[in-house]
Amino acid sequence: MYISAGLVVHQPFDGLPRFLIVHPTKEKHDKDRAWSVPQADVGEKEVIIQAAIRATVEQTGVVARVVGMLDDVVYRNNKKRIFVFLAEPLIYSLTPAMSPS
């Protein structure tokens, strides 16, 4: 079974909650794929929570602090289990992040 981990990064803005999401690929043919929280497979000697933080930094450049665990989900085919943590950004931004061109 594959193990992956991700962060639900939240930050209030104008009194409303905001959540960090990513698109799984930059390929044009995958433009219809669903948006998701940053996540990645856990390395062989990697701690699950560290994998979630690493994935968020690699995919978004956002450094976040984990505040708790939300859930772990096993896919129906039992080939993948995802651990999901709640986090807050360490550096607050008042403007949306720009994707590289």
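## The nonpolar core

Ten residues make up the largest nonpolar core: Ala5, Leu7, Val9, Val42, Ala51, Ala52, Ala64, Phe83, Phe85 and Ala87. Strand β1, helix α1 (48-60) and strand β5 each supply at least two residues of this core. A nonpolar core here is a set of buried Ala, Val, Leu, Ile, Met, Phe, Trp, Tyr and Cys residues joined through side-chain atoms within 4.5 Å. Buried means under 20% relative accessible area, exposed means over 50%, and partly exposed lies in between (1.4 Å probe, protein chains only). In soluble globular proteins, nonpolar side chains tend to be buried together.

Take Ala87, one of the core residues. Ala87 touches Leu7, Val8, Val9, His10, Ala64, Arg65, Val66 and Val67, not counting residues up to four places away in sequence. Contact means heavy atoms within 4.5 Å.

## About the model

This is a predicted model: local features need pLDDT of at least 70, side-chain atom pairs count only at pLDDT 80 or more, and totals for chains, interfaces and linings use all residues. Residues are numbered from 1 along each chain as its sequence is written, and side-chain values use heavy atoms, with hydrogens and water left out.

## The whole chain

The chain has one helix and five strands. Along the sequence they follow the pattern β-β-β-α-β-β. Helices (H or I, at least four residues) and strands (E, at least two) are DSSP runs, numbered from the N terminus.

Of the 101 residues of the chain, 24% count as buried. The chain exposes about 7500 Å², and carbon and sulfur atoms supply 57% of it. Those areas come from the Shrake-Rupley method with a 1.4 Å probe; for residues, only the protein chains shown count as cover. Now look at contacts with a separation of 6 or more: residues 24 or more positions apart account for 54% of them.

## Strand β1 and its partners

Two strands pair if DSSP finds at least two bridges between them. Start with β1 (residues 2-13) and β5 (residues 80-89): they run parallel, joined by eight bridges. Strand β3 (residues 39-41) pairs with β1 in the antiparallel sense, over three bridges. Gly6 has a partner in each of these strands: Val84 in β5 and Gln39 in β3.

Strand β2 (residues 16-19) runs antiparallel to β1, with four bridges between them. One pair is Gln11 opposite Arg18. The two strands form a hairpin with two residues between them. In its turn, Asp14 has a positive phi of about 55°.

## Two residues at the surface

Arg18 sits in β2. Arg18 is partly exposed, with a relative accessible area of 41%. Its contacts, leaving aside neighbours within four places in sequence, are Val9, His10, Gln11 and Phe13.

Pro12 lies in β1. Pro12 counts as exposed, at 56% relative accessibility. Pro12 and Glu88 are 76 residues apart in sequence, yet 9.7 Å apart in space, C-alpha to C-alpha.

## The helix

Helix α1 has 13 residues. From its first C-alpha to its last, α1 reaches 18 Å, close to the 18 Å expected at 1.5 Å a residue. That expected span is 1.5 Å times one less than the number of residues. Four residues of α1 are buried: Ala51, Ala52, Ala55 and Thr56. They lie on the same side of α1, because they cover an arc of only 135° around the axis. The arc is that of the directions from the helix axis to the C-beta atoms. An α-helix has 3.6 residues a turn, so residues three or four places apart point the same way. The cover over the buried residues of α1 includes β1, β3 and β5.

Thr56 belongs to α1. Thr56 is buried, with a relative accessible area of 0%. Beyond its neighbours within four places in sequence, Thr56 is in contact with Leu7, Val9, Leu20, Pro38, Gly61 and Val62. Gly61 comes just after α1 and takes a positive phi of about 80°.

## The hairpin of β4 and β5

Strand β4 (residues 64-74) pairs with β5 in the antiparallel sense, over nine bridges. Here Met69 stands opposite Phe85 of β5. The hairpin of β4 and β5 has five residues between the strands. Asn78, in this hairpin, takes a positive phi near 60°.
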